[in-house]
Every structure is written in C-alpha cells, then in structure tokens.
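Please open the model in your viewer and keep the sequence panel beside it. The tour below goes from one selection to the next and says what is to be found at each stop.

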Amino acid sequence: MADGDLPKKPALARDVNRIGNSFIFPPAVMDDIHIKSELGRYRMRGFSLFKKIPHWDDLTFLPGTLTRFVIEGYREKCETKTIIGPRAKKPIELDIPVYITGMSFGALSYEAKTALARGATMAGTATCSGEGGMIPDERRYSSKWFYQCIQSRYGFNPNHLVLADGCEFFIGQGCKVGLGGHLMGQKVTDQVAEMRSLPAGIDQRSPARHPDWLGPDDLALKIQEIREATDWQIPIQLKLGASRVYDDVRMAVKCDPDSIYIDGMEGGTGAGPHLATEDTGVPGMAAIRQARKAIDDLGKRGEITLVYAGGIRNGADVAKAIALGADAIAIGHSAMMALNCNKDIPEANYPEEVGAEPGYCYHCHTGRCPVGVATQDPKLRERLDPDAAAERVYNFLHTLTIEAQLFARACGKTYLHSLEPEDLAALTMEASAMAGVPLAGTNHTVGIADYHHL
Amino acid sequence: MASVSDAELKNMTQEERVTALGMRTEQLTGKSLYLEFDPDATENFTYPWAPDVDFNKRTELDCDGKTTTEVNSSIRALMKEGYGTVVLKNPRGMHSLGVGILSRLNLIVEGSTGYFAVGLIDGPNVRINGRVGWSCGENMMSGTILIEKNAGSTFGAAIRGGDLVCRGSVGSRTGIDQKGGTIIVGGDTGALSGFMMQRGRMVVCGNAGKNLGDSMYDGTIFVGGEIKSLGVDAIEAELTDLDKAWLTRKLTQYGLMPDKGVDHFTKVVAGKMLWNYDNLEPSEKKLIL
Ligand SMILES: Cc1cc2nc3c(=O)[nH]c(=O)nc-3n(C[C@H](O)[C@H](O)[C@H](O)COP(=O)(O)O)c2cc1C
Ligand code: SF4
C-alpha cells in the first residue's frame, strides 16, 4: 500500500440482495431429504436427541443464606446412601445415588462393559446387564447387578436371573419411546448372535412388545412369576420411557413393582431411528414431577423407589433430579464418555473412521467406534484399556456424587435425598411449567394458581 | 467379586477396598482383567442350587388353601429332601405354578393351571393333566412339558430349549420369539404363531391361524392342516426326508403320530428378506409397511 492511500473498503460478508433464509428448510433439513430419497428408509444413529428442549440448565438452586442454614463442605456429613426397592427381602443398597444404566453387550464391547462394572463396584454402586443377556465377567465384577427382562428376551436365562440383585423389566426407553431395541448387522458378530440366538450379521430389530404379556393386568402376573422364580428376594424394577407419565406410572404402581425407572426424552441409545430420538417422549424434569406425584397419590412414597435417567451430565443435574423427586439416578452416555467416548485419543482417527470430528461423533450404530467402546471389532477394542477405563468410571461417579453433595450442603441438607422442589427455581417459563417450580424472582409457578396447594 | 465378598467389602475402609478390588497401579499394569478371577471362586458366578433328587421318591402336594408362593416353596423344600417325583393336587388355575425349577424333577400336575405355568424352568419333566393359561413354559431352557388338554395364548413364548407339547389346541402367538427347542401342538393354533421366531422347531398337527411365522428370523414350522395365511417374510419350503424322519420320531415319542403319516405336513421357513433392510430391491420395500 503506497503512502497516503486510504484502505479499500472490505466487501460485506453477507449478500444484501438476499431476501431471507428459510427457518423451516435450513440446509441440514434439505441434505437430510436428499439422503433419504437416495436411501429409501429412515436414518439410524446413536447418541441422544439433538434439538433443544427445556433441560436441567433451565433450573437453578436456591441455597441457604440467612433464611436457611448451610452445611460445611467436607467437614460435616452429607449422607448419600441410596436404597432401591426397600420392600424387597434384599433391597439394593448403594453408597451413592448414581448407578450405571443398562447398556447391552453387543452395543458396547466386552472391555467397556467390564470397565463400567469395575468402576461402579469401586464407587459402591450398581450396573445393569441391558439387552442381550449376561456376560459372566460383568456379573462377577459387579457387586450389585440388575438383570434386564426385555421384550426380545435375547439371552434371557433363568439361571442368570437367580444370580441377579435386581430384575428390571424394560417397557420403554426415553430416547425412542414405544420402540424395541436396534442393533445393526455390523455389531451382530458370531458371539453376539449366539448369545441372542440370531443369525450373525443381520440387522436386529427387537420386538417392541413383550412376548408373554400384553397389558398391565398380565404384567402384574408376570412380575409375580419373576418373584416366584427368584424366591421374592430381589427388587423388581419397571423401566418406562417418559410419555403419559402420570397415568403410566399409576398403572405401573398397580402392578406392584419395587421400583419404577423413568427414562426422559434426553436419554441415549446405541442405535435408533434419528427421528424417534428427536420426536418421542417428554423431558425429564416434567417426567420426574409427574411420576413422583403418581407414586405419592397412590400412597407408595418410600415403598416404591423412583429412578430417573436421561441426559444426566454432572452433579448439578443429579441434584436437580433428586430435588424434583427422584430417589436414584442412572447414567448411560455420560458414563460412556468417562470411558473415552468422543475423546481425541492418539490411536483414533475420527474423520477417517467415522466421518466426524471428536466431540461430534454419534456413530455408535455403525460399530466403528474410534475409541473401542461401542464396537465389537477386536482391533478397535484394543484402544480401550479396561484398567484405566475402570478407574475413570470410578472417578466420574465419585465426582458426580461430591458435586451433588455440594448443592445439598449449600441448601442445608445433611442427607442428599432431603433435597426438594422448594430448593429450586426455574429460569424459563417452560421449565417453570414443566418442573412445577416458581420462575426465579417471582412467586409464580406457570400453570399453577397456588403453588402451596399443588 | 472373586476373592472378596460383598460383606467383606462393606467392612473395609476405602483404602482397603481399592486394594482388594485390584485398582492399584501395580496391579493394574499388565492388564490384569483376564486373570483376575480365582478359578475356585463361586460368588456371583456359579448357579446356586441343584439338589440331588431321586425319581423313585414320590410324594403328593395338595395345593388347596395354599398360595402360589407356598406351593412353589414346598416344591423346593421337597426337592431338597430328595423327592424326585412330585404330584400337585387341586391346582385350581393357580398362576406361576412350578416356575423357576432349575434342576431335575418329575412334576405331575393333576388339574389345570393359570398363567405362566412352569415358566423359566431348566430341566424338569412336567405333565399337566388339565388345561393351562397364557404363556405356559415361557422361556424354558430344557426339559419336557406335556399338556393333556388345551393351552392358552403365547404358548411357549421365547422358549430356548426342551420339548413343549400340548395334545389339544392352543391360542394365538404360539412360540412367539422362540429361540430353540421344540413346540408340538396336537390340535390347532391361533393367529400370529411363530411371530419373530428365531430358532428351533414348531409342529402343529391341526390348522394354523392367519399370519403364521410373521417376521420370523429363522427356525422351522411344520403344519399338518390348513394355514389361513402366512405372515410377512414366511415362505413354504420343501419337506425333506430328514424332516419326515424327524417328525415321525418326535410325534411317535409323544403319541401324536397322525394315521396318515407325515407326508402331508407343510414346512414354513424364513424368507430372510428382512435380515438386512438395505438389501431390499425398491419393489420389495413395501414388504414391511
Ligand atoms: C450404547 C447404549 C446402549 C443401550 N442399551 C440399552 C439396553 O440394552 N437396554 C436398555 O434398557 N436401555 C439401553 N440403553 C438406554 C439406557 O439404558 C438409558 O435409558 C439411557 O442411556 C439413559 O440416558 P443417558 O444416556 O442420557 O444417561 C442404551 C443406551 C446406550 C447409550
Ligand atoms: S465415540 Fe464411540 S461411543 Fe462415542 S459416539 Fe462415537 S461411536 Fe459412540
């Protein structure tokens, strides 16, 4: 630039002649239509929903100041003991309120399953088999272990049932309410197929309805059958995807389980139709509140446990879910992240292997997991060191607990489960309406005339 | 865990627990995973209960006035005492009768039962003189069940092994999710039998209702009478000499051999079109609507 010249005016980054952009059909939607019109079927993926919904971030705690007395961090005790199914002869006693939810062997690798089991045992909490049967080593590494009785009954074995500390009936999951499990052919290896009595390499779409019962009346009898087979020792848990939560939970209570597990629409999956993950179910904060009300209305508080899972990422989420009424929390995807999911480890080459950058991977359904978690490929599985992974799972579970304790102490509770809706305020109108807590800075709870007579 | 029990873990300090569970760096290096379990360890691993029973030791058990739980625990107590043949009197349509028996036993039920009769069993030989409700023999692993009269729907749901035989007719969704073993029906079966069947064989001497073998993954269905309609992706296959020999043997064993032999049986197997949806031709895609 010669001396004295004025700098050239830079061109505008936007095109001033353009009238506007479509909100209904942004480029991503168009790409999706292009792909589906080639494919002729719905698109599968792993992970959980992508769109924005009212979520835990829309709630905030109201800790003690002068009107409430706070509890000293570290020095004063804040109990975290959690009991699932107190009425059973052998309730499941957990040291911490968080446990590892059921994720099938098949969706996850052997190394991932056993690492989760070891980490959970270290932390004094439970794991769950998931679909597709028991792998003996998972049972042996878990000090508390749920066995899933799922629609497909893949690998279901009464000999394994009697080894369980709890039996969970899968009725639905929040991520894809009303659908059965999916496992794409790439993951149905000989071993997985044999455990499930299927031909290897097929695209497995599990039934969405149980084979031996249809409605709640039959389910009540089915629960009795499992109780007979397990000598009435272990808690029976029903896992429901959150949809018409209040009515569903009332029905569930009538079937007389020991525990009810509600999975919010934030919940993850190993493989499911993209649209089902986006467009089924209701958010966790609404589901917990309704489930709690249903259990309380039927006078079963303290008898039937309420477990919540779906989109739990940190101790604040745990504490918020407990404050809204959950008795225990289960985690899926965040535990997989403790195993390395979406981490840029040196061995992995995400763009080449799954076509996405670390941090943006949702390709569990392909079985090409770059970190060896959601795969059956022996080469990829080598990338997960189960010893180190177990330790990370333990560390993560421990962190969740001390973070949740931090909020409980700040709210003046010496028992984590003493957190209550009164300790929360909502940051948005939607969250206020769904969670039934007042909008921050007001006495107004959206949709409720008089909060104290809820 | 292998070397430490739950109770022991409870009484340890966190430090001791870390060591006992093999979480120390020294133990962790060298991927201890596959070696950690002691071969003699039993907790959380071995099947806890398999009493030694004598089939010649026989006893009767009157179910009248007892709850299901009382009857089932009496059966277990009798097995513990070594009784190998137990006769249940007056079951009067009780649900969940005799479920979860994971050992050898000769069980005779004199009467009819409700839902889930002898479900979740592994080993026993059961004879039921009356009728059974829904889901009889559900998820059975091995053994034999013989029902003299009719059975309800979802007969033998998700069974994985053994022989499940009904001399009379059965309801709908027989052998749904079947994963192995053999189901034999002397009479007719209802709609959607063999729904999502995975393995094993099902023999129906009479007629079959509509949508037989709908969405079956694999396995074989033999029908002696008429088939109202086949379900999605179920197709007829040729009855081979091997099939005929097998049918003759099995049906003779349970006294269900038809007078006209087995040549008239129709064999139904999976078309395997739904195994991989992506492989379907455009015109075939409507198959799954
Ligand atoms: C990889 C993967 C596999 C899963 N497999 C099962 C399963 O076999 N059975 C089941 O009931 N739920 C399964 N789920 C759902 C979880 O149990 C749970 O509902 C959900 O992950 C909870 O939400 P979160 O992941 O946000 O914590 C699976 C989830 C993931 C991510
Ligand atoms: S990194 Fe593995 S576990 Fe995580 S989303 Fe990708 S495929 Fe799934």
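Helices and strands are here DSSP runs, numbered from the N terminus, with at least four residues for a helix and at least two for a strand. The model is predicted, and this should be kept in mind at every stop.

Begin by selecting A:Ser418, which is placed in the loop between α14 and β16 (424-426) of chain A. Is this residue buried, exposed or partly exposed? With a relative accessible area of 33%, A:Ser418 is partly exposed, because that class lies between the limits of under 20% for buried and over 50% for exposed. If neighbours within four places in sequence are left aside, A:Ser418 is in contact with A:Lys413 and A:Asp423. Add A:Asp327 to the selection: its C-alpha is 10.0 Å from that of A:Ser418, although 91 residues separate the two in sequence.

Next, select the largest nonpolar core, a set of 101 residues in which A:Leu59, A:Val249, A:Ile262 and A:Ile329 have the most contacts. Helix α14 (residues 386-410) of chain A gives the largest share of this core, namely eight residues. Centre the view on A:Ile262, whose contacts beyond four places in sequence include A:Leu240, A:Val249, A:Ala287, A:Leu306 and A:Tyr308. A second core, separate from this one, has 44 residues, among them B:Cys63, B:Val86, B:Ala117 and B:Val118.

Now turn to ligand 1 and display the 26 residues that surround it, of which A:Gln148, A:Phe170, A:Asp263, A:Gly311 and A:His333 are the closest. Classed by residue type, this shell consists of eight nonpolar, 14 polar and four charged residues. Three polar approaches to oxygen atoms of the ligand can be inspected in turn: a side-chain N or O atom of A:Gln148 is 2.6 Å from one, a polar side-chain atom of A:Lys239 is 2.8 Å from one, and a backbone N or O atom of A:Gly268 is 3.2 Å from one. Of the 600 Å² of accessible area that ligand 1 has on its own, the protein covers 96%. Colour β12 (259-263), β13 (269-273) and α11 (333-339) of chain A, the elements that each give two or more residues to this shell.

Finally, select chain B, where five helices and eleven strands can be traced. Its 289 residues are 54% buried, and its accessible surface amounts to about 12600 Å², with 49% belonging to carbon and sulfur atoms.

Definitions and conventions:
Residues numbered from 1 in each chain as written. Chains lettered and ligands numbered in written order. Predicted model: local features only at pLDDT ≥ 70, side-chain atom pairs only at ≥ 80, totals over all residues. Heavy atoms only, no water. Near = heavy atom within 4 Å. Polar contact = N/O pair within 3.5 Å; in protein donor to acceptor, adjacent residues only side chain to side chain. Areas by Shrake-Rupley, 256 points an atom, 1.4 Å probe, with all protein chains shown as cover. Nonpolar A, V, L, I, M, F, W, Y, C, P; charged D, E, K, R; others polar. Core = buried A, V, L, I, M, F, W, Y, C linked by side-chain atoms within 4.5 Å. Buried < 20%, exposed > 50% of the residue type's maximum accessible area, 1.4 Å probe, protein only. Contact = heavy atoms within 4.5 Å.
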